[in-house]
Amino acid sequence: MQWRSIVVGLVVLRLSLSCVLWLAFGLGPNVSWGFNFHLNFNLHKLDLALFKEDKGSETKANSWSQRSQGRKYEESRSTCSKIREESPHRSYLSLFDGNKDEYVRRYSSFPDALKAKMKDMAREMFYFGYDNYMKYAFPDDELNPIDCEGRGPDILNPSNININDVLGNYSLTLIDTLDTLLVLGNVTEFHRAVRLVIDTVSFDKDSTVQVFEANIRILGSLISAHILLTDPKHPFGKVGLEGYDNELLHLAHDLAVRLLPAFENTSTGIPYPRVNLKTGVPPDSINETCTAGAGSLLVEFGILSRLIGDSTFEWVARRAVRALWNLRSNETGLLGNVVNIQTGQWVGKQSGLGAGMDSFYEYLLKSYILFGEKEDFRMFQAAYESIQNHLRRGRESCNEGEGDPPLYVNVNMFNGQIMNTWIDSLQAFFPGLQVLSGDVENAICLHAFYYAIWRRFGALPERFNWQLQAPDVLFYPLRPELVESTYLLYQATKNPFYLHVGMDILQSLEKNAKVRYASHTYYLELSCVICRCGYATLHHVVDKSKEDRMESFFLSETCKYLYLLFDEDNPLHKSENKYIFTTEGHVVPIDRRFREKQWNDMFPCEEGALAEKQTNKWPPSNTSNCDRIPVERRYALPLKSVYMRQIDHMVGLF
């Protein structure tokens, strides 16, 4: 009798649960259980009839795992499991419908007074870092914000490339920050900083630096500051410096000449990753470099060539881009992340959007915008198509349909199969690039995913494992990529949601990264010495422990984009002329003179691989290619509440 009682009890329990589900979802008694939330993010596997209209229906590729073997994205075939109106079954997304108005209440408006307050906070953040750098660190390269002292190259440990690739003993932070001073409207300090650079900086140093870092941080800033000093059409008012004789341009030219040996003695034309500023390529230099490092030189080198009338710099940079492009997979059209510069063999076969590859894609589009070279746009179009075909997972539409939210994963360049389950913080730049290319809807979705990670940790871990819902690499060095994408999305949509994102980032940095004080014990007495010297790298995004380093991009990019986000009336936004930001956030104009060359085509016999298709329609390189967001969308969430709640769950926020 006891076993019969147990059976009857189980039947009653089953019927009770079925009734509850029928009332809640219209599912009926045909229910089985298969919850699989936390490890795989395969929410479609909830076999509550939430993902399929019937048991016999075909499971479509609308999840990250189902497309993990590199199946191509087909525009002609919907990847969304759409629920018919007459169907009694409801979507699994209904699980995230609860209390959806909380998102509307939080994000639908942003008062002008609050915007002004955030603008002031961003300005104060910049000056707290900049003033302390000038007080405690200059002329060294960086500020150690905890010890309140300067940092230069690690001379005792030449193999410490984390430091030595970036720091060249040339006042890096001061140079990298020049145009930010103008963006903040401080012409007086800009003039003083320019004078200091002219009077104190020399590149005749026994320093071995990474070509990529020296290019984007130093060369790009010198060129930007020179243009802003001399271009009568710039938007910042009277900023001309009395007695200025193109010294910044001469410094830029000198540095570029010292970087040129990296392009010599390579079988492929792809440059060595490092040079010594005095002696050239070190004898023990490796023959491997990353795609972004070798292929992200064209903007700065190209502008320099067109400013001084010497094609050499653009020629070597463009040759490197072409060489990398010609090594892409014939099957997928993807590139790897590490290549041998002598053999042209891929050492790293991972293809993604983050570290090692990010700015390669960015500079294909920005080079076209600046120089109007059609081959740059052809390469970008083809690269973007391959990215959508092989890296993008999730539902087809950002704001409609079923399945996991869109995400770009790391795959094998030759077959499109997934290689790991992490994404890195550098990939957060990609929504900004999508805005520039006109794909605003996809930008909205990817940005929302990174913002959810930020909300969980108050920072972006260097790597986040989307399957385990946990960081793989825990530090955050004050990177700007999420802020940059937030700023560009706000410029494209004017949606107050992005002002809230910026405020969250700003307040998190102020709370978690600002160095407030240090305590020292002397004998039996406790002495508290105030050491408020800047903002520090987060060593651990969970416990918020710090590392004693403030990288130059915090002032040149992170603070700049935060300030511009809240400064609607900034001259950059009011100018009749158009500007673009380099990958280091330096301001350069979209200027007709950069589309005029004083030399003939550099590769007249190499057009086969990039032959122009007759069907291509070229967007004007100096105008926006954006599908404008309708005005009514500005007063609604950019991403529907149900999808925002879904993403929050997927990163472990609840």
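1. A good place to start in this predicted model is D569, which counts as exposed at 57% relative accessibility. Its salt-bridge partner is K574, with N and O 3.5 Å apart. K574 is exposed as well, since its relative accessible area of 56% lies above the 50% cut-off.

2. You may also like to look at the network built from salt bridges that share partners: R306, E314, R318, R322, E373, E375 and D376 are joined in it. For the whole model, the count of salt bridges comes to 31.

3. Next, D204 and R258 form a salt bridge whose closest N and O atoms are 3.6 Å apart. D204 sits in the loop between α7 (187-200) and β3 (208-210), while R258 belongs to helix α9 (residues 247-259), so this pair ties together parts 54 residues apart in sequence. D204 is partly exposed, at 41% relative accessibility, whereas R258 is buried, with a relative accessible area of 19%.

4. What about E462 and R479, buried or exposed? Both are buried, and their side chains meet in a salt bridge at 2.8 Å, N to O. E462 is in the loop between α16 (440-457) and β13 (463-465), and R479 is in the loop between β14 (470-473) and α17 (481-493); the pair links distant parts of the chain, 17 residues apart.

5. Finally, a word on confidence. Mean pLDDT for the protein is 85, with 77% of residues reaching 70 or more. Residues 20-60 stay under 50, although the model gives them 93 contacts beyond four places in sequence. Residues 605-609 are also below 50, and that stretch has five contacts beyond near neighbours in sequence.

Note on methods:
Residues numbered from 1 in each chain as written. Predicted model: local features only at pLDDT ≥ 70, side-chain atom pairs only at ≥ 80, totals over all residues. Heavy atoms only, no water. pLDDT = per-residue confidence, 0-100. Contact = heavy atoms within 4.5 Å. Salt bridge = Lys/Arg side-chain N within 4 Å of Asp/Glu carboxyl O. Helix = DSSP H or I, 4+ residues; strand = E, 2+ residues; numbered from the N terminus. Buried < 20%, exposed > 50% of the residue type's maximum accessible area, 1.4 Å probe, protein only.
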